[in-house]
Every structure is written in structure tokens, then in C-alpha cells.
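Please open the model in your viewer and keep the sequence panel beside it. The stops below suggest what to select next and describe what is there.

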Amino acid sequence: MKDFVLLNDKILPNDIKCYSCCTTMDLIALVTKDDQIVIHRFLTWQKLFTINHMSTAINENNNNNNNNNNNNNNNNNNNNNNNNNNNNNDNDKSNKSIVSIQWSPNGKMISIGCEDGSIFIYNIENAKLINKSHNHKHPIHKLVWIKEVSQQQQQKQQQQQQQNKNGSIKCNNYVSPPLFLSQIKQNMNLFPSISYYFENSKEENIYLGGDIYDRPFDILICCDNIGIISLLAFGLFKIVTIDLLSLLKQKYSNTHFLINPSKSLKILDITLTESLNKLSVMIETDNGLFLSVTIDTSILLEKRNEIHEISLQYFLLFQLQQSLDVHIKEITEKWKETQQQLSTKWVEFEKVLSDYGFSSSIEQELIDLLMCGVPSPPTNQFIVNNINIKKLKLTESNCNSIREILIKYILPSFLNIFHIITVLHNNSLENDGYKGLLDTNTVKNILDYCGSFGMRLQSLETLICGIESHYTSFFSWLYKVQCTLNEIQPDRKLSLPFNELSIMSLLKKGLKFDLLFSTSTLFSSSSPSSPPSNNNSPTFSSSNNNNNNNNELNQSGNFGFNNNNNNENLEFQYKDLKGNFHDLFKDFSSKIFETFNEITLVLPSLFKFENVIPFCLYDKNDASMSHKFNCSLISHPNDTIYLSIYTTLSNSNRLFICKREDKLNWSFTCYQLNEIYSILDCKFYNNSSLMALVSEDIIKANQKKSTRKNTYLKQYQYNKADDNDNSDNREYIKLDVNIPQSTILLDLLDTVFSNEIEESFKSREIILKSRISPITFELSTSRKISATFIGKRRVALYDLAEDEEEEGEEEEVE
């Protein structure tokens, strides 16, 4: 009988950089050397799909650059920037290279950490990008995704365990959701659903995320290679950033003489208890000191519901901002298409004037025609031969489409955003639980900003109506002139009434002038606080006042605002908002997320260090000294934390297991290993045992050093599984962890335990007499699967819950 069942042993076509086992399904995610994420099934090794991360990352980067280019409204600059984007693609590939990967607790998402510090979240159901964040500047070398278990859920689980033990009926595991969730859903029903905003969108990477409102609260822990930790609620919203090295130097520089001179640190393992009360970290400093750090994060539990609600509001706000992005991009494309079509015609007109030797502008030619009714020869030629009134009428259709998008999608999205900011503002005023999470003054300031921006956004509809009215008059007049010059009967459908003053206003502004997104037509500083006026019968004002030169189309009855005296007393805090529409929208998009700045500033200051324990150290300047250090962390109910440590720095070959029950209550046990054994990697498997990759040296009689090794997957028990477990409970020895500055804990542990060799209770050979390295493994604890990588291309999958019968072994017969 062999321990553990071999499910699959595969040779892969490409080198694998990193990998992760799904927590809920029989799936494994592999990251190839070219940064493709390949998803396989455990049993059949069926390849489900591949996520081309590098292509996605570069497209996201180019889209961001293109959006910035669109905001500039400068075609020459855009072309140059696009060329630069192409030149930077190779650099983007190296920066976006994947260095870590982790599944979400529900198994529906994958998070990846990149070389440049960015974090991508992908949806497993459709392989689409959900979110991208850039909270770090250094490679994300470790990701841990924790699902929070509330006290109510823990009580339910304990009750069920007790009832199962007594043989009674299982209790209902249902836990009622917090009240704020129902309130959020009720508020969402006041507006169109999120899917409504994207029903006709061409964007494919839109994550609607309706399941997030029914999902247990979870936190993604991200660690970069200089020791900065960030906590992301649902993997989307950053709630905490911790500069661990700076905090250690501030508070514990006297704990050990090597802490203060250290310049960087590496996080070896990290865990957050399911109650959110404790954060435990194992670190290595750049000067050779290994430390265990425990941080009191009980503020997360204390304000858990408030953080949960703010996270959901952030996510909803993020989706609505995406909706605004998509639809503003859509109206921008429609308007640019319209402008390009018209511009082509006006260029043709200019060429005709140039061919005739005329130096006058096209606007002056048309104004002369409008005033006297007689066209000049080039104007006559252009109108007769170059005007297709049906194509020009498409401008009116595009204006109508833009207005429909604005009314149907953009304004409802904005109103929903305004409602969310209002709810957050009310919470900051009325609910004490939000103190320290939301700054009332900041939220009020942003609320005022949103109100002012909303007035300007609403004026866009009035402006579009005005533009459509002006072009309708202008094209109707051109059609009438064309019919008169060609001596044909006008089509009644195309021949509409026109307003000469409206045409004069359009021509005076300039036919090539951007009427929709220019600064002076939409957000003029001379009439910032005037409410919009919807007047489809514009009149022309011939005032030559210099102060009104840049706002001639905003006078009463024109494109934008009605500047009546009745509205002079209207005041808004942000009445000095200036700039074109894209610039203001960009500012608005960043401004609304400042609502959440307070939470990321306040929460880390409320974390408290409980203890810092120096475990061992080595001299990094000694090139002849080699060492191994492997560790793993796991949290149990009631905030008990177990830490396993194996290091060659010990005087004896031992696997230490440390149990932390509270701040001062630490106890220890160990496994004494045979001197030919060495632990390559170890990870906690469940609440009673841990798995370890163990290598065995093969030394022949005429050799001093082994050249080949046997490698085993071993299971060690550190705790009783339950009350029905008949195995002996391991003895833990309590030690005082408040050791002197010049001492390390490993020195004490080496003197406490006996040297009696102990074997694991399960073991399976992985590879025999081999020089292959590295050999690593990952666990899926819920699926009870181990994925062991031998080298970079071979993977062996084992079922840890079952044992395998050897060939020829007879089955027992009752």
C-alpha cells in the first residue's frame, strides 16, 4: 500500500514559472514562461482555456494611453504618442511579467502579481479581466486570499460540531446577511441595473459582479519584495497599506541589533485569521535576520460591516465610472466621425477657393451669400458640385444619437454616483462606526464638486440640442441654395425652415470649431453658474464686447447657457471649473475616488504590534555559509496561529512547530529528522497535519558528498484532528518569548527538545536517485490535492485523502 494516490504525472510543453491549485474545484492554474495562464483539470488534465495575460496587459496600457491622447484633442500629438506606445511594448512585457498567482476563496477568480507591482484579477468563467490595480512599485512576490468567517458563523460551526459529536441533528448553517446589504440592494433598485448600462457596449472586459453582494467578505493580501503589504477587499478595493520595515524600525529597533541597520526585508509567509483579528508574518531582513511578527488587526473586525459596505459602494462606484468611460468614449467617437466628415467638405471648399485665387475664408464666403443671396464663382461651384445634403444630414442624426446616449446612460450613471456619495456623506455624519473611515469634510467637498459637475454635465444635453438646431438650419439653407442654383424642385422631406441668425452664429464661430468639446462653448468661465436653457430657436447677438468674444454661442438662445439676470444669484462652490469636457471628466473620475482616501490612511495607524520574535540569523557576508529556511503559517479558530520552521541554521536537524494562543502564550514542539533528510518545502495541510517535501541524501561508500537524492512527500501530524482521533496528542512546551536582544529563539529551542528521531505518519516517494531541481509543491486543502513540480516542466498530482494499492497487492476480504 502506497500513501497518497497518484492522479496524474505529466510532462508539460513549456517551462512553468508559478502555479496555484483552486480552493473549490479540481483545477490548477499554470503560468508559462511567456506569461500565459493555462487552466487544467486535475483528473483528466483537460485544458479548459488559456488567458493571454501579456496581450491583455499591453492592451490595457495602450487603451489608457489612447484615452489620454483623446483628451488632448491634438491629432499630431496623438500620432506621435501612438508610435511611442508601439516602441514601449517590449518594455511593458517585461514590466507586466507574472511573478505570483492565487485563486480566490470561491474559486471564480484568479489574482496575479506582476514585476512592476501591478495586480490583475481575472474571471475564470469567461477568462476576462475584472480589475487592475497598481498599489505597489516593486514585484508582487506573494499573494494570499483570505475568506473572513464571522463570529456568528463560527458559533454555528461550533454548534454543528457539538451536535454531530452528540449524534443529534445537524443545525442550519445559514447565517443572515448584514442589514446594510439589503439597504444597498434597495438603493440599487432606484436606478437601472448595472447590466443595463453595458447592454450595447462593445467593451468585453466589463465585470458586472452581481455575485459580489452575496459573497462572504474576503481580503486579498499582496506582498511586494521590499516588505510592503496591501489588503484589498474582494481583491478590488485597497483598505490598508503597511510599510512593515518602517514600522519595525519605529517601534522595535531595540528588539534586536540587526533590525535598525536593515534596509529591506522579504516576506516569507503571511496569514490573516479568519476573524480578521490577527495578522501574522514571517520575514527575512537583508542582513540575515529571520523574524516572526504578529499584528493586532482587531479594528478590521470592529469595523467589519462598515468596511464591507464601503467596499461594496466603492465597487458600485467603480462600475458606474466604467459606464461613464464607455459612453463618453462612444459619444466622442461619434462626434469625431461627424467632425471628420464635415472637415473633409470644408477642406474641399478651401481648395476650390484656392484654385480660383480667392483669399477669403469659407465662412466669409457663406456669410456674403447669406447676406446678399448671390454666390461667388467658387462658392457656386462648391455648392452645386460638392454638396450631398443627405450625407450632411447625418450630422443631425449623430447629434440625436449622442443626446440619446447622454439621456439614457450618462446622466443616470452620474445620478447613481451622486446618490452613492450622498449615502456615504450621510453615513459619515450619522453613524459613529464610520468615524476614522470616512472624513466628513472630504466627502462633503466631493459632494459639492459632484453637484457642480452635474450642472455642467446637464448643460451638455442643451448644447447638443443647440448644435443640432444650428446644423439643421444651416443644411436646410444650403439645400435651398443648391436647389435654386440647379433650378430643381426641392424635396419636401429635406427642405425645412431655417433661421438666418442661427446660421450667422454658426458661421461666425467657425465651421471647423469644435462646438461640443471646446472649453468656450461648454464650460465658459464667464457663465459658469448659469443653469442650462433648452431653446431650439436660437437668435444671433452681434455684440462686439471683448469679454464675450469667447462665449458668443453661449448668449441667450444659443448653444449652451441662458445668461438671464434672474440666475445671477446662483452660486456653486466649484463655479471656477474650467477646461474642455474630457479634462473635466478626467478630474471628476479621480475626484470621486478621493472619498475613500481616509480609510487607507486611518486603518494602518490603528494596527498594533503584539510581538516581534527573532528566530534565527546568519552572516550574509560569509560566502562559505549556505543555509535553508522554510516556514509556513496557518490560523485556527479562536485566533490560534501555528508556525512551522525548518532551517539548516539549527544545531540539530529539526522541524519546529510553534503555537501562538495569545500575545504571551507561545508553546513549541518539533520533529527530530534523520541527518540524511532535508526539508525542501513545507506547508500546513489542515488543522492537524502539515505536508513537507523531504530530500534524502544518497552517499556511496567512496563519496563524501551526495550527488543524487531521493525526494518524498511526507505528512507530519502536529495536532489532533478531532476528539475521535486516537493518535497521541503532541506535547507542546511553553517558552517565554521575551528574549534578550543578543539572543535568538532558535538557540533556546535547540536546548529544549530531545534528539529522538521521529518519522512522519505518511510518506510517498516523488522521485528517486535524481539530480533534478527545483522541486516544489502547492496544496489545495479543501480538495485535498498536492501538485508537485519536478524541475520546470513535470507535474505530479496526488490525492492526499486516499492511499494507493500497489500492483499485485491482494485486497482484504471480510
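## The whole chain

Of the 814 residues in the protein chain, 53% count as buried, that is, under 20% relative accessible area, where over 50% is exposed and anything in between partly exposed (1.4 Å probe, protein chains only). This is a predicted model, in which local features need pLDDT of at least 70 and side-chain atom pairs count only at pLDDT 80 or more, while totals for chains, interfaces and linings use all residues. Residues are numbered from 1 along each chain as its sequence is written, and side-chain values use heavy atoms, with hydrogens and water left out.

Colour by secondary structure, and the protein chain shows 19 helices and 29 strands; these are DSSP runs numbered from the N terminus, with helices being H or I of at least four residues and strands E of at least two. Among contacts (heavy atoms within 4.5 Å) between residues at least 6 apart in sequence, 66% join residues at least 24 apart.

## A four-stranded sheet

Select β14, β15, β16 and β17, which form an open sheet in that order with antiparallel pairing; two strands pair if DSSP finds at least two bridges between them. The edge strands are β14 (265–272) and β17 (608–617), each of which pairs on one side only, and from one strand to the next the twist averages 20 degrees.

Now restrict the selection to residues 278–285 and 289–296, which are β15 and β16, paired in the antiparallel sense over seven bridges. To find one such bridge, pick E284, whose partner in β16 is F290. Then add residues 244–252, helix α7, which packs on the sheet and touches β14, β15, β16 and β17. The direction of α7 makes about 95 degrees with that of β17, where axes are lines fitted to C-alpha atoms, for helices over the stretch in contact, and angles run from 0 to 180 degrees between N-to-C directions.

## Two helices crossing

Next select residues 440–486 and 581–592, helices α14 and α17, whose axes come within 11 Å and cross at roughly 150 degrees. That makes α14 roughly antiparallel to α17, because angles over 145 degrees count as such, with those under 35 roughly parallel, 65 to 115 roughly perpendicular and the rest oblique.

Which residues make the contact of α14 and α17? Show side chains for N445, I446, Y449, C450, F453, L457 and L460 of α14, and for F581, L584, F585, D587, F588, K591 and I592 of α17. By class, this contact has eleven nonpolar, one polar and two charged residues; Ala, Val, Leu, Ile, Met, Phe, Trp, Tyr, Cys and Pro count as nonpolar, Asp, Glu, Lys and Arg as charged, and the others, Gly among them, as polar.

## Single residues to visit

Centre on M188, which lies in helix α5 (residues 179–188) and is partly exposed, with a relative accessible area of 21%. Leaving aside neighbours within four places in sequence, M188 is in contact with Y213 and L316. M188 and H419, although 231 residues apart in sequence, are 9.8 Å apart in space, C-alpha to C-alpha.

Two loop residues other than glycine come next. W45, in the loop between β4 (36–41) and β5 (47–52), has a positive phi of about 55 degrees and is buried, at 12% relative accessible area. D639, in the loop between β18 (629–635) and β19 (641–647), has a positive phi near 65 degrees and is buried, at 14%.

Finish at P774, found in the loop between β26 (762–770) and β27 (775–780), where a cis peptide bond joins S773 and P774 with omega about -5 degrees.
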